[in-house]
Amino acid sequence: MSVSSGDSPIIGDTAEADRGSLSGGQERRHRRPFSNVVLHAPQVLRALVRTDEIWLVVLSAFVGVFAGIAVWLMTEATQRIHEVLFNIGHAQRLSAMVELDKWRTVLIPTVGGLVLGVLTFGIGLIYRRRAVDPIEANALFGGRMSMNGSLIVVLQTIVSNGVGASIGLEAGYTQIGASLASRWGHAFRLRRNDLRVLVGCGAAAAIAGAFNAPLTGAFYAFELVIGTYSLGTFAPVAVASIVSVGVVHALGGGVWRHARRGAGTGFNPRRFAAAPRHPRHRSAWRSGRPGRRRWGSARWGSARPAAA
């Protein structure tokens, strides 16, 4: 694969590289930051993607893989921070805990908020460009997004959620998913409309993988990121969402994994599954243990023995 510099207006790639003269009379070309370098796909693959729409669906499947891995990494990182800072179990969710240590509940969000403020201030001194979200990128910049800005948003989201702030991880999910899709589409030099669709695929895959909801992720992309419904955009977005959900499943689950187990909430899935479905038998079932045979119960279809 050949290496060439990107042309994103978000990260300052529109200007031509300045040429500086050395003392010996030789001229050298100033190198751009490493984050601006894009690995371009071979010309044959780029030609296939630009000529046949089926290859855009194939690209969206790879976007689903990348987004699913990113979602799983963010979820696991945040969960590990919760386990260390709030002393919860591996199968417990911080938002589902009924009781926590009172000192941890007060000190960790307070100190964590100060750390996040200092971190944001320090990053602002070094990186002065504002991050662009997927909606704004599609509306104003043709799907071009900055990877550096997206990684900063992901870092801020993980730190904020890790110290117990009420802000969720959804912004980080969609930011990294759409940014990876934008960089992937830029490597294949997609047309403006195709790049916008691929950015929508990244956002849809992130939401779908995070919440085990491919349909919700697809509608999120159609309504907010892409901004339109069409048959041409349905297949890539649907494929990216489904692949992302499969990847997260294969890696061990997402934010819904612990909630499904009912950890820390007092909810017993097995008892709920054993409950009778007919309303006449629910009151009798609640008074006893689940799975216990009852004489004369219509649930078991047995008759009460006759008196001797």
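**Exercise 1. Around arginine 192**

Leaving aside its neighbours within four places in sequence, with which residues is arginine 192 in contact?

*Solution.* The structure is a predicted model, in which local features need pLDDT of at least 70 and side-chain atom pairs count only at pLDDT 80 or more, whereas totals for chains, interfaces and linings use all residues. Residues are numbered from 1 along each chain as its sequence is written, and side-chain values use heavy atoms, with hydrogens and water left out.

Step 1: place the residue. Arginine 192 is found in helix H7, which covers residues 192-211; helices here are DSSP runs of H or I with at least four residues, strands are runs of E with at least two, and both are numbered from the N terminus.

Step 2: list the contacts, where contact means heavy atoms within 4.5 Å. Once the neighbours within four places in sequence are set aside, arginine 192 is in contact with Leu140, Phe141 and Gly142.

Step 3: look at one C-alpha distance. Arginine 192 and arginine 144 are 48 residues apart along the chain, and their C-alpha atoms are separated by 9.1 Å.

**Exercise 2. The chain as a whole**

Describe the protein chain by its secondary structure, burial, contacts and surface.

*Solution.* Step 1: the protein chain has 12 helices and 4 strands.

Step 2: of its 308 residues, 39% count as buried, where buried means under 20% relative accessible area, exposed means over 50%, and partly exposed lies in between, with a 1.4 Å probe and protein chains only.

Step 3: among the contacts in the protein chain with a separation of 6 or more, 64% come from residues 24 or more positions apart.

Step 4: the protein chain exposes about 17,700 Å², of which carbon and sulfur atoms supply 61%; accessible areas come from the Shrake-Rupley method with a 1.4 Å probe, and for residues only the protein chains shown count as cover.

**Exercise 3. A salt-bridge network in helix H2**

Which residues do salt bridges that share partners join into one network?

*Solution.* Step 1: apply the criterion, namely a side-chain nitrogen of Lys or Arg within 4 Å of a carboxyl oxygen of Asp or Glu. A search of the whole structure finds 4 salt bridges.

Step 2: take the pair of arginine 80 and glutamate 76, whose side chains meet in a salt bridge at 3.2 Å, N to O. Both residues lie in helix H2, 4 residues apart, about one turn of the helix.

Step 3: add glutamate 83, which forms a salt bridge with arginine 80, the closest N and O atoms being 3.5 Å apart. Glutamate 83 and arginine 80 are separated by about one helical turn, because they are 3 residues apart in helix H2.

Step 4: compare burial. Arginine 80 is partly exposed, with a relative accessible area of 36%, while glutamate 76 counts as buried at 10% relative accessibility and glutamate 83 is buried at 18%. Salt bridges that share partners join Glu76, Arg80 and Glu83 into one network.

Step 5: turn to another pair. Aspartate 194 forms a salt bridge with arginine 191, with 3.8 Å between the closest N and O atoms, and arginine 191 counts as partly exposed at 40% relative accessibility.

**Exercise 4. Histidine 82 and the largest pocket**

Which residues lie nearest the centre of the largest pocket?

*Solution.* Step 1: the largest pocket is lined by 24 residues, and His82, Arg93, Ser95, Asn161 and Ala165 lie nearest its centre. On a 1 Å grid over the protein atoms alone, a pocket is an open set of points where a 1.4 Å probe fits, with protein on both sides within 12 Å along at least five of seven lines, and lining residues have an atom within 4 Å of a point.

Step 2: the largest pocket has a volume of about 420 Å³, a volume being the space filled by probe spheres set on the points, which are joined across faces, edges and corners.

Step 3: H2 gives the most to the lining of the largest pocket, with 5 residues.

Step 4: examine histidine 82, which is found in helix H2 and counts as buried at 7% relative accessibility. Not counting residues up to four places away in sequence, histidine 82 touches Asn87, Ile88, Leu94, Asn161 and Gly162.
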